[in-house]
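User: I am new to this protein. Please take me through it in short questions and answers.

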Amino acid sequence: MAVSEVLAALADDTRRKILLRLKEGRISSGDLAAALDMTPQALSYHLSRLKKADLIYETRYKNFIYYELNLSILDETILWINSLRGGES
């Protein structure tokens with residue numbers, strides 16, 4: 001895990017909104033764009049940054065792409081941040 005990639009992805013408000021929506025469960029890219037009132041192009045940019053940080057993953061089914069949270073990366077990031085506080089590493 002590249003902590004710098006994760007923190008850079010989390011620094012953007014739009015990407016945090018995407019993650020909050022994905023917290024509700026798997027969603028197609030079209031439905032995600034509609035739910036967040038974003039153009040497909042803008043959503044694609046933010047999704048690529050989140051994928052680069054491994055915060056989300058995609059699955060394909062027929063002509064649709066679905067996105068889900070990758071909770072293991074969030075857990076690893078929390079552990080890393082906690083280690084800065086003197087917690088378990």
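**Strands, rings and turns**

User: Which residue in E3 stands opposite Ile-56?

Analyst: Strand E2 spans residues 56-61 and pairs with E3. Strands (E, at least two residues) and helices (H or I, at least four) are DSSP runs, numbered from the N terminus. Two strands pair if DSSP finds at least two bridges between them. Opposite Ile-56, in E3, stands Leu-69.

User: What pLDDT do local features need in this model?

Analyst: Residues are numbered from 1 along each chain as its sequence is written, and side-chain values use heavy atoms, with hydrogens and water left out. This is a predicted model: totals for chains, interfaces and linings use all residues, side-chain atom pairs count only at pLDDT 80 or more, and local features need pLDDT of at least 70.

User: In what order do the elements run from the N terminus?

Analyst: The protein has 5 helices and 3 strands. Its C-alpha atoms fill a box of roughly 45 × 25 × 20 Å along the principal axes. From the N terminus on, the order is α-α-β-α-α-β-β-α.

User: In what order do the 3 strands form the open sheet?

Analyst: E2 and E3 pair in the antiparallel sense over 6 bridges, and the bridge partner of Glu-58 in E3 is Tyr-67. E1 (residues 27-28) joins E3 (residues 64-69) by 2 bridges, again antiparallel. Ser-28 stands opposite Tyr-66 of E3. The open sheet has the order E1-E3-E2.

User: Why is one side of E1 and of E2 left without a neighbour in the sheet?

Analyst: The sheet is open, with antiparallel pairing. E1 and E2 stand at the edges, so one side of each has no neighbour in the sheet: each has a single partner strand.

User: Which residue in the turn between E2 and E3 has a positive phi?

Analyst: E2 and E3 form a hairpin, with 2 residues between them. The residue asked for has phi near 55°, a positive value in a residue other than glycine. At 69% relative accessibility, this residue counts as exposed (over 50%; buried is under 20%, partly exposed in between; 1.4 Å probe, protein chains only). In the turn, the residue is Lys-62.

User: Where is Asp-37 found?

Analyst: Asp-37 also has a positive phi, near 55°, and is not a glycine. Its relative accessible area is 73%, so Asp-37 is exposed. Asp-37 lies in the loop between helix H3 (29-35) and helix H4 (40-52).

User: Why is the pair of Phe-64 and Tyr-66 called stacked, edge-to-face or tilted?

Analyst: Rings of Phe, Tyr and Trp (its six-membered ring) pair if their centres lie within 6.5 Å; planes under 30 degrees apart are stacked, over 60 edge-to-face, and the rest tilted. This rule gives 1 aromatic pair. The centres of the Phe-64 and Tyr-66 rings are 6.4 Å apart and their planes stand at 45°, so the pair is tilted.

User: Is Tyr-66 buried or exposed?

Analyst: Phe-64 is partly exposed, at 48% relative accessible area. Tyr-66 has 18% relative accessibility, so Tyr-66 counts as buried.

User: How far is the charged end of Arg-26 from the centre of the Tyr-66 ring?

Analyst: A charge sits over a ring if NZ of Lys or CZ of Arg is within 6 Å of the ring centre and within 35 degrees of the ring normal. The charged end of Arg-26 sits over the ring of Tyr-66, and its distance from the centre is 4.1 Å.

User: How far apart in space are Gly-30 and Phe-64?

Analyst: Gly-30 is in helix H3. Gly-30 is partly exposed, with a relative accessible area of 46%. Gly-30 and Phe-64 are 34 residues apart in sequence, and C-alpha to C-alpha their distance is 8.4 Å.

User: What distance does helix H5 reach from its first C-alpha to its last?

Analyst: H5 covers residues 71-84, which is 14 residues. Just after H5, Gly-86 takes a positive phi of about 95°. The expected span of a helix is 1.5 Å times one less than its number of residues. For H5 the expected value is 20 Å, close to the reach found, 20 Å.

User: What share of the 89 residues counts as buried?

Analyst: Contact means heavy atoms within 4.5 Å. Of the contacts with a separation of 6 or more, 52% come from residues 24 or more positions apart. The share of the 89 residues that counts as buried is 30%.
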